[in-house]
Amino acid sequence: MTSRVASRPVGTVTRGTTNPNRLRRMDRWIAAAHGAELRRAADPVAVDLGYGAAPWTAVELLARLREKAPRTRVVGVEIEPARVAAAKPYERDGLVFRHGGFEIPVPQRPLLVRAANVLRQYDEAEVAAVWERLCARLAPADPARGSRGGLLVEGTCDEIGRRHVWVALGPEGPRTVTFATRLGSLERPSDLAERLPKALIHRNVPGEPVHSFLRDFDRAWAAAAPYASYGTRQRWIRTVRDLTADWPVVDGPSRWRQGEVTVAWGALAPRGVPQS
């Protein structure tokens with residue numbers, strides 16, 4: 001019998017900071033945007049990559065996805081063995097935890113990989129290679145079934161999930177950028193700049209598209225100030241509606257009401273980066 005040595009997981013250990021309900025905004029968006037793909041699949045598998053020191057985000061992801069796609073299974077993946085051991089008691093039907101990293105240690109190609117607050121500690125120059133590796137592990141598109149394939153959602157949020165920005169990628173590469181916030185805590189849209197994912201956070205400088213977008217977002221927010229008398233939600237909706245005149249916003253009022261706006265990646269991609 002030939003012995004087989006397990007390969008070392010790809011990546012580095014994160015701080016592991018996590019809190020219950022921290023990723024609720026991202027999860028709600030995933031369920032709305034990707035629920036149909038999960039429902040159609042014969043064996044829909046989602047990966048919570050780098051869930052941290054406690055398993056709360058993986059437990060919550062399973063519950064939220066199963067509301068839209070009851071057969072979904074979630075695999076929590078962590079590069080720190082002690083965190084995997086600590087999570088094992090929380091395994092249940094549809095939820096397991098495994099030791100691993102960016103190689104994604106599951107036998108099939110997942111329909112979803114969620115990587116929240118994982119790349120924050122990496123250099124910007126490393127992001128493209130990580131994205132490429134993870135996208136290569138996604139379930140492929142199947143045009144005959146109307147499937148766009150798997151989805152990678154990679155982004156950053158604050159400690160209690162009030163502000164969050166993420167990039168959604170398919171097997172072909174980046175698709176969109178979503179800005180999501182608790183509207184009651186927002187002074188101006190550019191407050192979200194501190195939560196830009198690693199691919200964009202260092203590009204929030206004059207001459208870069210994301211800087212121009214946030215500048216225009218703030219201007220539209222200021223112009224929509226009269227709508228504040230109807231509530232912050234109405235002001236946000238009016239702001240985003242005005243943004244659509246100059247920016248490729250790809251969602252609509254049903255998502256804007258949630259304190260979200262999603263923009264085509266090509267409009268915000270850093271200068272010199274290929275636009276898929």
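**Exercises on a predicted model**

The structure holds 11 aromatic pairs, where rings of Phe, Tyr and Trp (its six-membered ring) pair if their centres lie within 6.5 Å. This is a predicted model, in which local features need pLDDT of at least 70 and side-chain atom pairs count only at pLDDT 80 or more, while totals for chains, interfaces and linings use all residues. Residues are numbered from 1 along each chain as its sequence is written, and side-chain values use heavy atoms, with hydrogens and water left out.

**Exercise 1.** Classify the pair formed by the rings of Phe 217 and Trp 236, and place both residues in the chain.

*Solution.* Planes under 30 degrees apart count as stacked, over 60 as edge-to-face and the rest as tilted. The ring centres of Phe 217 and Trp 236 are 5.3 Å apart with their planes at 50 degrees, so this pair is tilted. Next, Phe 217 lies in helix 6 (residues 209-223) and Trp 236 in helix 7 (residues 232-243), so that the pair links distant parts of the chain, 19 residues apart; helices here are DSSP runs of H or I with at least four residues, strands are runs of E with at least two, and both are numbered from the N terminus. Both residues, Phe 217 and Trp 236, are buried, meaning under 20% relative accessible area, against over 50% for exposed and partly exposed in between (1.4 Å probe, protein chains only). Finally, Phe 217 and Trp 236 belong to one aromatic cluster together with Phe 179, Phe 213, Trp 221 and Trp 247.

**Exercise 2.** Work out the strand order of the open sheet and find its edge strands.

*Solution.* The open sheet is formed by 8 strands in the order 3-2-1-4-5-6-7-8, with mixed pairing, and two strands pair if DSSP finds at least two bridges between them. Strand 3 and strand 8 (260-264) are the edges, since each pairs on one side only. Within the sheet, strand 4 and strand 5 (residues 151-157) pair in the parallel sense over 5 bridges, and Ala 115 stands opposite Glu 154 in strand 5.

**Exercise 3.** Locate two residues, Ile 104 and Asn 117, that have a positive phi although neither is a glycine.

*Solution.* Ile 104, with a phi of about 55 degrees, sits in the loop between strand 3 (95-99) and strand 4 (112-116), and because its relative accessibility is 1%, Ile 104 counts as buried. Asn 117, with a phi of about 60 degrees, is found in the loop between strand 4 and helix 4 (124-137).
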